[in-house]
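Please walk through the model below with the structure open beside the text. The route starts at one loop residue and moves on to the pockets, a helix contact, the cavities and the chain as a whole.

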Amino acid sequence: MNLTESEPIKQIVQFAAGVAQSNIAVPPPVAELCREMMLNAAGAALAGAGHPDGIALARVVREMGGNGRSTIIGMGMRTSPVYASLVNAALVRLLDYDDNTVNTGAHCTAAVFPPVMALGEMHGYAGQAVLSAFAVGCEVTARLSAAGSTNGSAGAVGAAVASSMLLGLDAESLASAIGLAVDSASGDAGYGSAGAAALAEGRAAMQGMIAALSAEAGIDGAISGATIGTADFADLGVHWRLEDPGVTIRLYPCHSASHSVIDAILGLAQLHRFEPSDVSSMHVGVTAATTEQLPNVLPADGWQARRSIGFIAAATLCHGAPLINFFSDPAVHDEGVRAMMGRTSVEATLPASPLALNPAEVAITLTDGRTLRHRIDHPRGSPAMRLDVEELDAKFLYCTRYILPADHIDEAVSSFRGIAEIENVTGMASVLGG
C-alpha cells in the first residue's frame with residue numbers, strides 16, 4: 001500500500017507508531033480513564049457471563065475448537081485469541097453495562113478491550129503496551145464513530161489498530177490491517193435482542209484481530225482513504241476525544257440517555273422520603289433526542305425495557321437504582337411497575353445543548369397534593385460526573401460476586417489499576433476466567 005495515497009490511514013499509522021515508540025505520550029488523564037474503562041469492561045463481561053446468550057455463544061465457540069491460549073471471561077475455558085475476542089466483546093456489551101463515547105454512543109471498549117487482553121495473555125505482553133494499544137484503538141474508534149462510521153466498522157478498525165500495535169507490525173502492514181478491517185463488521189442496526197446487538201460488537205472485535213493477523217501474514221489490504229469516512233485525524237495525539245467530549249461509564253445497566261432520569265428520581269426519593277404508594281403521577285421531561293434513542297413505550301422484554309423511558313422511570317421509583325435483574329424478561333411484567341407506568345407521562349420538553357446532551361426534569365405529584373421537581377443535566381458516570389473509585393469498585397464487586405472468589409476480585413481490581421507496572425499480563429487475564 002502506498003501511504004501517500006491514503007492520508008487518513010497514514011495519520012492513523014503515524015499516531016499508532018508514535019505511541020508504540022513512546023514518541024507520543026498518552027496523557028495521564030486519558031491513561032487513568034482507560035484503566036477505568038478496562039476495569040469496567042471486565043466487570044461487565046463477568047456479569048454478562050451469566051446471561052443465557054453469553055453461555056450459548058461460549059458453547060458455540062467451544063464446539064468450534066481453538067488453540068486454548070486465551071481466556072473467555074467468566075466461563076472457565078480458553079480458546080484462540082480470535083474466538084476469545086468474539087465472545088468477550090459480546091459479554092462486555094450484553095447487559096448494556098459497558099461505556100460509550102459522548103455524542104456518538106460508540107462502544108469503544110467492547111471492541112478493543114477483548115483483542116488486547118487476548119493477545120496480551122497469549123504473548124505475555126507488558127501492561128504498559130496493552131494499555132497504550134487500548135488507548136489508541138479506542139481513540140481511533142471514537143474518531144471514526146464521530147465521522148459517521150457504524151459502531152461495528154469503527155470498532156473493527158480500532159481493534160485492528162490496537163492488535164497491530166501489540167503484534168509490532170510495521171507501517172505498511174498496519175495500514176493493510178486497517179484496510180482489511182474496514183466494513184468487515186456491521187454496526188448496531190436496531191437489533192431486536194441483547195444477544196444480536198452484543199454479537200455485532202463481538203464480530204467487530206474478532207474482525208479487527210483477524211485483520212491484524214492477516215496483515216502480519218502478508219495480506220495486502222490496500223484501500224482508498226475515503227473508504228474510512230471523513231474523520232479528522234490531523235490532531236491525533238494532541239486532542240483526545242476520549243477526554244473531550246469524553247466517555248460515559250454506565251452506573252446503571254441500561255441506555256445511557258436514561259441515566260439523568262434515574263438520577264433525578266433517586267434524588268427526589270432520597271430528599272423527600274416518599275413511598276411509591278404516595279405518588280399520584282410522574283411527569284418526565286427529556287430532549288427529543290432522548291425520546292428517539294429510547295422509543296419503546298410498553299416494552300415486551302428486558303432488551304426493550306433498556307430503551308423505555310417510562311419503564312426505567314417507573315422501575316426506579318418503585319425499586320430504587322436499576323440493577324441487572326430489573327431488565328429480565330419476567331421483571332418487565334412487574335405489576336407495581338406497570339401500574340406506575342400508567343401514572344407516568346414522558347414528553348420531549350427540554351432543549352439539548354453541548355453542555356447538557358441528555359438532561360432530564362422529573363415532576364412527581366404526591367397524593368397529598370405536593371409536586372416535587374428535580375432536574376439533572378449530568379448523570380453519574382458522564383464525563384462531568386465521573387464515577388469515583390468507590391463507585392467503580394462497588395460496581396465491579398456487584399458484577400463479579402457470583403463469578404469470582406473474593407481474592408480474585410481484589411487481584412483483578414488492583415491489576416487493572418496498576419496495569420502500567422505489570423510486566424506480563426497473562427496472569428491478570430487468566431484471573432478473569434472464573
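Start at Asn-103, which sits in the loop that runs between β3 and α5. This is a predicted model, and in it the phi of Asn-103 is near 80°, a positive value in a residue other than glycine. Most residues other than glycine have a negative phi, and most peptide bonds are trans. The second half of that rule also has an exception here: the peptide bond from Asp-244 to Pro-245 is cis, with omega near 15°. Pro-245 belongs to the loop between α9 (194–216) and β4.

The next topic is empty space. Rolling a probe the size of a water molecule over the atoms shows where such space is left. The largest pocket has a volume of about 1,000 Å³. Its lining is made up of 48 residues, and Asn-103 is among the closest to the pocket centre, together with Asn-100, Thr-101, Val-102 and Asn-358. Which elements supply at least two residues each to this lining? They are α2 (28–48), β3 (99–101), β4 (247–249), α10 (259–272), α11 (288–293) and α12 (302–305). By class, the lining of the largest pocket holds 19 nonpolar, 20 polar and 9 charged residues.

The second largest pocket contains about 510 Å³ of space. It is lined by 25 residues, and those closest to its centre are His-51, Pro-52, Leu-95, Arg-306 and Ile-324. At least two lining residues come from each of α2, α3 (52–64), α12 and α15 (389–400). The lining of this second pocket divides into 13 nonpolar, 7 polar and 5 charged residues. Both α2 and α12 appear again here, having also supplied residues to the lining of the largest pocket.

From the pockets, follow α2 to its contact with helix α4 (residues 81–93). The two axes come within 7 Å and cross at roughly 95°. Angles of 65 to 115 degrees count as roughly perpendicular, and α2 and α4 are therefore roughly perpendicular to each other. On the α2 side the contact is made by Ala-41, Ala-44, Ala-45 and Gly-48, which meet Asn-88, Leu-91 and Val-92 of α4. The residues of this contact comprise 5 nonpolar, 2 polar and no charged.

Asn-88 of α4 leads on to the enclosed space, as Asn-88 also lines the largest cavity. There are 2 cavities of 30 Å³ or more, and the largest has a volume of about 90 Å³. Besides Asn-88, its lining includes Ser-70, Thr-71, Ile-73, Ala-84, Phe-113, Pro-114, Met-117, Ala-118, Glu-121, Ala-429 and Leu-432. Two or more of the lining residues come from each of β1 (70–72), α4 and α5 (108–123). What does α5 give to this lining? It gives the most, with 5 residues. By class, the lining of the largest cavity has 8 nonpolar, 3 polar and 1 charged.

Last comes the chain as a whole. The protein chain has 17 helices and 8 strands. Its C-alpha trace spans about 75 × 45 × 35 Å along the principal axes. With 434 residues, a compact globule would have a radius of gyration near 22 Å, and the value of 22 Å for the protein chain agrees with this.

Note on methods:
Residues numbered from 1 in each chain as written. Predicted model: local features only at pLDDT ≥ 70, side-chain atom pairs only at ≥ 80, totals over all residues. Heavy atoms only, no water. 1 Å grid on protein atoms, 1.4 Å probe; cavity = no way out; pocket = protein on both sides within 12 Å on 5 of 7 lines; lining within 4 Å. Points joined across faces, edges and corners; volume = space filled by probe spheres on them. Helix = DSSP H or I, 4+ residues; strand = E, 2+ residues; numbered from the N terminus. Nonpolar A, V, L, I, M, F, W, Y, C, P; charged D, E, K, R; others polar. Axes fitted to C-alpha atoms, helices over the stretch in contact; angles between N-to-C directions. Parallel < 35°, antiparallel > 145°, perpendicular 65-115°, else oblique. Contact = heavy atoms within 4.5 Å. Rg over C-alpha atoms; globule rule 2.2 N^0.38 Å.
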